[in-house]
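Welcome! Please take a look at the sequence and structure below before reading on.

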Amino acid sequence: MWSPFKVMLIALVAASSFTPVCVLEFCSDSDCHSHDATAPSSRPPPNAFKSRWNASASNLLRDLDRFTVSCKKLIEAFPIDEVEGNHSRPVKNCIFSKSDPTPLKGPLRLAAASKEVIEDMLDLDVAVTRSDDFLHYASGGRLPPGSVPLAHRYGGHQFGSWAGQLGDGRAHSLGQYTNRKGEVWELQLKGSGRTPYSRSGDGRAVIRSSVREFLGSEAMHFLGVPTSRAASLIVSEEPVMRDQFYDGNVKTERGAVVLRLANSWFRIGSLEILSQSGEIDLLRQLLTFVIAEHFPSIHPDDPDKYLAFYSTLVNETAHLIARWTSVGFAHGVCNTDNFSLLSVTLDYGPFGFVESYSPHFVPNTSDDEGRYAVGAQADAGLFNLGKLATALGPVLSEKQRSEARELLKGYVDIYHKRTHQLFKAKLGLLAEEEDDGYLIAFLLKMMEETRSDFTMTFRQLSEASFQQLLDRNFTQLWALQDLSSYKLFPDWLSMYQLRLLRQENDGDLERQQRMKNENPRYVLRNWMAESAISKAEKNDFSEVELLHHVLSFPFITQKAAEKAGYAERPPSWAKGLKVSCSS
């Protein structure tokens with residue numbers, strides 16, 4: 001039976017050694033076209049990062065030995081696994097296991113570093129990334145002062161079925177860092193070796209997946225999507241065996257480690273494992289901690305605090321997935337162990353951005369049934385929130401469990417309303433008119449029928465003047481040329497133009513700029529990532545650097561990006577390109 005979301009979606013569519021590299025700098029005036037350099041109101045202006053870093057440069061640490069983290073809060077809040085060692089085993093009655101990273105075998109190279117993360121979030125002078133010390137700190141070979149490395153125990157529903165104990169199988173939390181602005185970030189290494197949760201895995205990540213994690217998380221941040229962040233990417237010569245597409249073709253790749261940050265790495269699966277195991281006191285303990293640390297609006301003595309927590313997650317998860325939809329992002333693996341309790345995007349595996357638009361787009365070659373297709377992600381969110389409600393069941397009264405079910409019923413409406421708002425903004429629509437939903441659905445239906453490019457259709461609608469739309473002059477607008485082949489395109493265009501004309505006090509230039517601020521010109525298409533990975537595997541990190549630079553300003557036309565063809569029609573070899581969970 002179809003879920004309410006699927007019915008709504010169908011109705012919508014139917015209606016419609018250290019080798020130094022350059023640390024990544026941001027868009028310079030000479031690289032950015034000034035005609036669309038105004039940043040979206042929800043995002044900092046393009047030159048804000050430089051000016052902020054320069055102003056505070058004297059406060060940045062240049063000595064890594066003075067950079068300290070703390071695990072005290074996490075260790076004191078919860079019982080720690082009594083068994084020591086990194087051997088795989090069932091773990092009970094704890095949230096974390098102590099687990100030391102396994103250093104990567106050298107020589108090590110810095111493949112990429114995010115200046116914003118290093119300086120603005122970690123208070124470090126970016127020059128430290130060029131040191132041998134940084135290579136070892138950021139790859140697990142050396143621990144920062146105060147670190148007691150931890151691996152987190154969690155479970156999860158994977159592709160709809162309970163998978164039991166999962167946990168950090170190749171990640172180590174180094175501790176929490178409180179920066180000069182009072183922000184608390186939990187530092188984590190990904191690809192840093194075996195833990196008690198590695199099962200049969202080797203605890204490593206390869207260059208291929210690590211480049212995607214680094215670029216993907218940073219790209220999503222600059223698109224305005226809540227996400228974990230990436231500070232650096234270290235690559236090694238350590239051989240790692242991988243069967244990339246699970247077809248028996250095992251090959252030798254190279255190990256890599258990403259240093260990544262989040263306010264918290266707790267997931268829905270963090271609560272599920274405790275509920276499933278009958279560890280109810282520990283479930284309450286974890287919930288109390290998460291609420292106290294990350295949900296200040298919920299009073300700790302509120303008898304409905306767990307219900308208020310659930311209500312917030314229903315709302316914020318709907319908003320997050322609506323944001324994914326608005327930029328054409330498909331996560332690829334929307335399991336409960338990949339869904340954050342803080343409603344941020346976590347765990348960049350076989351993700352992708354839609355190119356030729358289809359709600360059935362699936363980037364993950366392992367998802368044969370399309371469970372996590374881009375058009376099914378909101379339904380996955382509904383499923384995951386249902387499992388969260390089940391996990392919370394033991395700490396809720398019968399009345400509260402009933403109220404939680406009612407809250408979940410509101411999820412589809414929250415998602416639909418937020419998606420409607422975002423797509424209205426993408427089309428430059430002000431105020432609200434009765435037929436706006438039909439106008440959006442009609443456009444998406446045309447895009448699906450003509451296989452029009454998702455990102456560039458909206459971007460070129462932003463760049464086209466009203467006169468160009470009136471004349472249907474799309475000679476240099478390839479995505480709109482594709483869209484205009486649809487037989488009812490003239491009807492939609494007339495509706496759209498009339499809708500724009502009814503907007504009071506809204507000039508064409510204002511409309512264009514407003515739309516450019518909502519519609520990126522560049523996203524991390526899989527073919528772009530694949531090109532950068534191919535070079536990185538040969539120790540050429542130039543395209544990783546270029547992509548990070550470009551994707552840090554996705555709404556601004558950049559000469560280097562245009563030269564690289566990042567806004568052109570995807571190359572023919574990119575058709576059908578898929579990625580896998582093997583990383």
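Here is a short tour of the nonpolar cores, one helix and the aromatic rings.

Please keep in mind that this is a predicted model. Its largest nonpolar core has 93 residues, and another core, of 32 residues, lies apart from it.

**Nonpolar cores**
- Within the largest core, Leu271, Phe309 and Tyr411 have the most contacts.
- Helix α9 (residues 305–327) gives the most to this core, with 12 residues.
- Setting aside neighbours within four places in sequence, Tyr411 touches Val314, Thr317, Ala318, Ile321, Ala378, Gly381, Leu382 and Leu385.
- The other core, of 32 residues, includes Tyr357, Leu444, Leu469 and Tyr496.

**A mostly covered helix**
- In helix α20 (residues 542–551), 7 of the 10 residues are buried, among them Glu543, Leu547 and His548.
- The cover over the buried residues of α20 includes strand β2 (109–113) and the helices α6 (207–222), α19 (526–536) and α21 (559–564).

**Aromatic rings**
- The count of aromatic pairs comes to 24.
- One pair is Phe423 with Phe454: the ring centres are 6.4 Å apart and the planes stand at 75 degrees, over the 60 degrees required, so the pair is edge-to-face.
- Phe423 belongs to helix α12 (residues 411–426) and Phe454 to helix α14 (residues 454–463), so this pair ties together parts that are 31 residues apart in sequence.
- Both Phe423 and Phe454 are buried.
- Trp324, Phe329, Phe339, Tyr348, Phe351 and Phe353 are linked into a cluster by ring pairs.

**Charges over rings**
- Arg142 has its charged end over the ring of Tyr137, 5.7 Å from the ring's centre.
- Arg371 places its charged end over the ring of Phe383, 4.8 Å from the centre.

Key:
Residues numbered from 1 in each chain as written. Predicted model: local features only at pLDDT ≥ 70, side-chain atom pairs only at ≥ 80, totals over all residues. Heavy atoms only, no water. Buried < 20%, exposed > 50% of the residue type's maximum accessible area, 1.4 Å probe, protein only. Helix = DSSP H or I, 4+ residues; strand = E, 2+ residues; numbered from the N terminus. Contact = heavy atoms within 4.5 Å. Core = buried A, V, L, I, M, F, W, Y, C linked by side-chain atoms within 4.5 Å. Phe/Tyr/Trp six-rings, centres within 6.5 Å; stacked < 30°, edge-to-face > 60°. Lys NZ or Arg CZ within 6 Å of the ring centre and 35° of its normal.
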